[in-house]
Amino acid sequence: MTQTTLAAAGTDVSAQARRRRTFAVISHPDAGKSTLTEALALHARVISEAGAVHGKAGRRGVTSDWMEMEQARGISITSAALQFAYGDTVINLLDTPGHADFSEDTYRVLSAVDSAVMLLDAAKGLEPQTLKLFDVCRYRGIPVITFINKWDRPGRAALDLCDELTERIGLPPMPLTWPVGEAGHFRGVADLRSGEFVRFHRTAGGATAAGEEHLTGEAAEAEGGAEWTAAREEAELLQASGGEFDAARFEDASATPLLFGAAVANFGVRQLLDLLVELAPRPTARADAEGRPRELTQPFSAFVFKVQTGMDRAHRDQVAFARVCSGKFERGMVVTNATTGKPFATKYVQQVFGQQRSTLDTAYPGDVIGLVNATALRVGDTLHDGKPAVKFPGLPSFAPAHFAVARPADIGRAKQFRRGIEQLGAEGVVQVLTSDLRGDGSPVLAAVGPMQFEVATHRLEHEFGCVVRLDHLPYTAVRRLPDPAQRAIVDRERSSEVFARADGTLLAVFEQEMNLRILQRQKPELVLEPLVADG
Ligand code: G4P
């Protein structure tokens, strides 16, 4: 390329990156993530009828059937990115698998986003899975927008939910809308910046975008009555005590813009989209493994954040999902895998969501590409085009919550067992730990969600020809033990022990948080560190 064409390409990439908003929804199962995803896509008119994404009974749905266990359970463990245009903005919504398929992959998705939408059920507030995902966002400094859902049915008071955000996770809310009418009697929202009463009209089953009516001044007073006045007073109260909107506090992730709505009826969803366009961070230069920024306009680079095997049963293929960090991606490029130094041909690259796939020809920073037939790619790998080479930080490990000792059912298959375990550990399917105290040297598998064990045992049997027996261990709490000299303190207890990760990190595991706290009280010299994500 000549200097002029290079410069033109750089301008194109910068402009395209500025249009992108790449985010994920973090929530607890049943808060309404699938419903919200549909509603967002609906507003952008990607799918013409609500219900096309997640396949609940009675709606036309997309399901995937890639493994027997998935079919047996009737859930989808396919996850990827949904891309749609909203006006001039390109929205990339990355899926965070929840329910029974909550796993390390769910956390890893958060390494590929620039912001997150925390979705809460108005009746429940902060729930365990939301808290775990929020911890990862906080650790990575990801800005979070909060959307309180299901306002159309009885729930908690708005101020009470706001207090919970401040007190429980130290994330003060900055409301941009405030509900008119308490939960269950939702009439609309007060737009706190424009001063308008945005009155909603219910539409049948949320199948079309909700009708909105914008009222101001006397019309708002007359229509909203006492509920309008109460809403404004409450919002003012919160704003006066530190809840005034400040974009800088959102960007540095020290406070969260707050919206109210009802995804099922498409209430408040447009406000969320508009907020994402206005406020959510655009892709920026990403730091490589040495901490040097890879500028957006440098040649193509991407990192693999998820690998899925056998999504298409007929082909038993493997799709690697990579987030583009710099440059323009064009299908057919031959790129380099920085981990192996080997070339990788990108002839088959797709956008995948549910079972729908479409061939993708170009992608820009912030986009997710699905590389088909990618058996050579692993989570954490970097792909780049030409020089200079780049390598992004490797596979992060998250705090596991499930532990099991693995042994081959047939001792004659010990070699296949060892090879399989090593491979699955390297791919990040499960974490492989060892223990000095456990006599037979059997590895301990650790996972964020139990589905990772199912995937591991399934693959050990079908790919490595080794049936595995798992003995589940009763541990639920884990910390990093920085000082090896202190391992005896933990190992001596009946309800705890110490495992080593392949990188040498020592993990102290406890049956319950309570056991951990008691031991720390008894042995104040014991140093334990939280384990969110590293690597
Ligand atoms: P998830 O992906 O977070 O697990 O949640 P999902 O969207 O599947 O929603 C869980 C349930 O909550 C669904 O009901 C859904 O209709 C309902 N829901 C989502 N948003 C709202 C809302 O704003 N208001 C009300 N009232 N309900 C909402 P379901 O009975 O489990 O399934 P379905 O048969 O209705 O789809």
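Here is a short walk through this predicted model, from the ligand's surroundings to a few backbone details.

Let's begin at the ligand. Its shell is made up of 17 residues, and the closest are Gly32, Lys33, Ser34, Thr35 and Val264. Which element contributes most to that shell? Helix α2, spanning residues 33-43, does so with 3 residues. In character, the shell splits into 5 nonpolar, 6 polar and 6 charged residues.

Now to the backbone, where two residues other than glycine have a positive phi. One of these is Asn266, with phi near 65°. You can find Asn266 in the loop that links β11 to α9 (269-279). Is Asn266 buried or exposed? Asn266 counts as buried because 27 other C-beta atoms lie within 10 Å, and the cut-off for that label is 20 or more.

Ala253 has a positive phi as well, near 60°. The loop that holds Ala253 runs between α8 (247-251) and β11 (256-260). The surroundings of Ala253 include 17 other C-beta atoms within 10 Å, so this residue is partly exposed; that label covers counts between the exposed limit of 12 or fewer and the buried limit of 20 or more.

Our last stop is a proline. The peptide bond leading from Lys387 to Pro388 is cis, and its omega is near -5°. To locate Pro388, look in the loop between β23 (382-384) and β24 (397-398).

Terms used. Residues numbered from 1 in each chain as written. Predicted model: local features only at pLDDT ≥ 70, side-chain atom pairs only at ≥ 80, totals over all residues. Near = placed C-beta within 6 Å. Helix = DSSP H or I, 4+ residues; strand = E, 2+ residues; numbered from the N terminus. Nonpolar A, V, L, I, M, F, W, Y, C, P; charged D, E, K, R; others polar.
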